[in-house]
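The following exercises are to be worked with the sequence and the model at hand. Each task is followed by a solution in steps.

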Amino acid sequence: MPDQLVALTTGANSGIGLATVLELSRRGVRSVGTVRSRSKARAVTEAAAEAGVEVETAIMDVTDAASCERVVRRYRPTVVVNNAGFSITGAVEDIGDEELRTALETMVIGPVRLARLALPHMREVHYGRIVNVSSIYGRTSTPLTGWYQACKHALEGVSDALRTEVAADGVKVILVEPGLFRTGIWQEADDELSGRAESRFASSYERLLAVTRLAGPIMGEPSHVADVIAGAVTSRNPRSRYLVGHDAQAFAALQSIVPTRIKDGVTRFILGL
């Protein structure tokens, strides 16, 4: 392990990303959080000061190759935490091409690009950690969030391939799969669905929002996910996958024993499909 790890975390201005940059710094890692604007960078700096830790910030858009190259060249990270993402909620036929392209660029192509850019330096030092923040939705799929799940499934598929390709170079590729945690993504989903009032799925969207609101009190804190990420980053022998949250673990277990027809029937009943 190098004398000091340099960790680059995307989407660092809130939720899991913010909690992660703070926790990594607490553990002695040189922590760099990437954000898309100076105002978001100030928010990270203020949160770090309040927590009594030091976090550097870099302006970067994960969908912009030039900015990714510039930031990786500057910091030469030995750790990359691909956390940036956003909600893409809606029935498959309600999501247009441009919205879908942005989601794929942010949650699939961007993370792979950053890994590719960071790998040469990781090989030089024969050490690296690439942590891809997926979701329990990377293991399953449910109606009205299919494209978000498609992005996470794609991220998991490419992570599994990359993990074996770089293992001989001392680089570990790690998937973190959280369940329900209190992040801004739920408000994003609420805002998205309010703009789909004319959809033929409008009543099902209302039901989905109601279920999400009911789940609010049992959602975990982002700091719990950050603790898992930081533990994986600093471990000499991290696991390939981390399911985070009792709900994620229960959901994953049910996937293997509940027949598809029953799962589909229950889901259709709940959402009125």
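Helices, of at least four residues, and strands, of at least two, are DSSP runs numbered from the N terminus. The model is a predicted one.

**Exercise 1. Locate Ser87, state whether it is buried or exposed, and identify the polar contact of its side chain.**

Step 1. Ser87 belongs to the loop that runs between strand E4 (79-82) and H4.

Step 2. Buried means a relative accessible area under 20%. Ser87 has a relative accessibility of 7% and therefore counts as buried.

Step 3. The side chain of Ser87 makes a polar contact with the side chain of Thr89, at 2.6 Å.

**Exercise 2. Determine which residues Glu192 contacts beyond its neighbours within four places in sequence.**

Step 1. Glu192 is part of helix H6 (residues 185-194).

Step 2. Its relative accessibility is 16%, so Glu192 counts as buried.

Step 3. With neighbours within four places in sequence left aside, Glu192 is in contact with Ser87, Ile88, Thr89 and Glu99.

Step 4. For Glu192 and Thr89, the separation is 103 residues in sequence, while their C-alpha atoms are 6.7 Å apart in space.

**Exercise 3. Describe how the buried and exposed residues of helix H2 are arranged, and state what covers the buried ones.**

Step 1. Helix H2 comprises 14 residues (38-51) and spans 20 Å from its first C-alpha to its last, close to the 20 Å expected at 1.5 Å a residue.

Step 2. Its buried residues are Ala41, Val44, Ala47 and Ala48. Viewed down the axis of H2, these buried residues fall within an arc of 125 degrees, so they line one face of the helix.

Step 3. As a general point, an α-helix has 3.6 residues a turn, so residues three or four places apart point the same way.

Step 4. Arg38, Glu46, Ala49 and Glu50 are exposed and sit on the face of H2 turned away from its buried side.

Step 5. The cover over the buried residues of H2 includes helix H1 (15-26), strand E2 (30-35) and strand E3 (56-59).

Step 6. Just after H2 comes Gly52, with a positive phi of about 75 degrees.

**Exercise 4. Give the span of helix H8, list its buried residues and state what covers them.**

Step 1. Helix H8 (residues 222-234) has 13 residues and reaches 19 Å between its first and last C-alpha, close to the 18 Å expected at 1.5 Å a residue.

Step 2. The residues buried in H8 are Pro222, Val225, Ala226, Val228, Ile229, Ala230, Ala232 and Val233.

Step 3. Among the elements that cover these buried residues of H8 are H1, E4, E5, E6 and strand E7 (241-244).

**Exercise 5. Which members of the largest nonpolar core touch the most other members, and which elements supply at least two residues of this core?**

Step 1. The core has 22 residues, of which Leu114, Leu119, Met122, Ile130 and Leu162 touch the most other members.

Step 2. At least two residues of this core come from each of strand E1 (6-10), helix H3 (65-75), H4, H5 and strand E6 (171-178). H4 provides the largest share, 5 residues.

Step 3. Leu162 is in contact with Ala115, Leu119, Ile130 and Val173, leaving aside neighbours within four places in sequence.

Step 4. Apart from this core lies another, of 21 residues, including Leu5, Val79, Val225 and Tyr242.

**Exercise 6. Explain why Cys68 and Cys151 form no disulfide.**

Step 1. A disulfide requires a pair of cysteine sulfur atoms within 2.5 Å.

Step 2. The closest cysteine sulfur to that of Cys68 is in Cys151, 16 Å away, and this is too far for a bond. By this rule the count is 0 disulfides.

Step 3. Cys68 counts as buried, at 0% relative accessibility. Cys151 is buried as well, with a relative accessible area of 0%.

**Exercise 7. State where His126 and Leu144 lie, and whether each is buried or partly exposed.**

Step 1. As background, most residues other than glycine have a negative phi.

Step 2. His126, although not a glycine, has a positive phi of about 55 degrees. His126 lies in the loop between helix H4 (97-125) and strand E5 (128-133). Its relative accessibility of 47% makes His126 partly exposed.

Step 3. Leu144 likewise has a positive phi, near 75 degrees, in a residue other than glycine. The loop that holds Leu144 runs between E5 and helix H5 (146-166). With a relative accessible area of 5%, Leu144 is buried.

How values were computed:
Residues are numbered from 1 along each chain as its sequence is written. This is a predicted model: local features need pLDDT of at least 70, side-chain atom pairs count only at pLDDT 80 or more; totals for chains, interfaces and linings use all residues. Side-chain values use heavy atoms; hydrogens and water are left out. Buried means under 20% relative accessible area, exposed over 50%, partly exposed in between (1.4 Å probe, protein chains only). The expected span of a helix is 1.5 Å times one less than its number of residues. The arc is that of the directions from the helix axis to the C-beta atoms. Contact means heavy atoms within 4.5 Å. A nonpolar core is a set of buried Ala, Val, Leu, Ile, Met, Phe, Trp, Tyr and Cys residues joined through side-chain atoms within 4.5 Å. A polar contact is a pair of N or O atoms within 3.5 Å; within protein, one must be able to donate a hydrogen and the other to accept it, and residues adjacent in sequence count only if both atoms are side-chain atoms.
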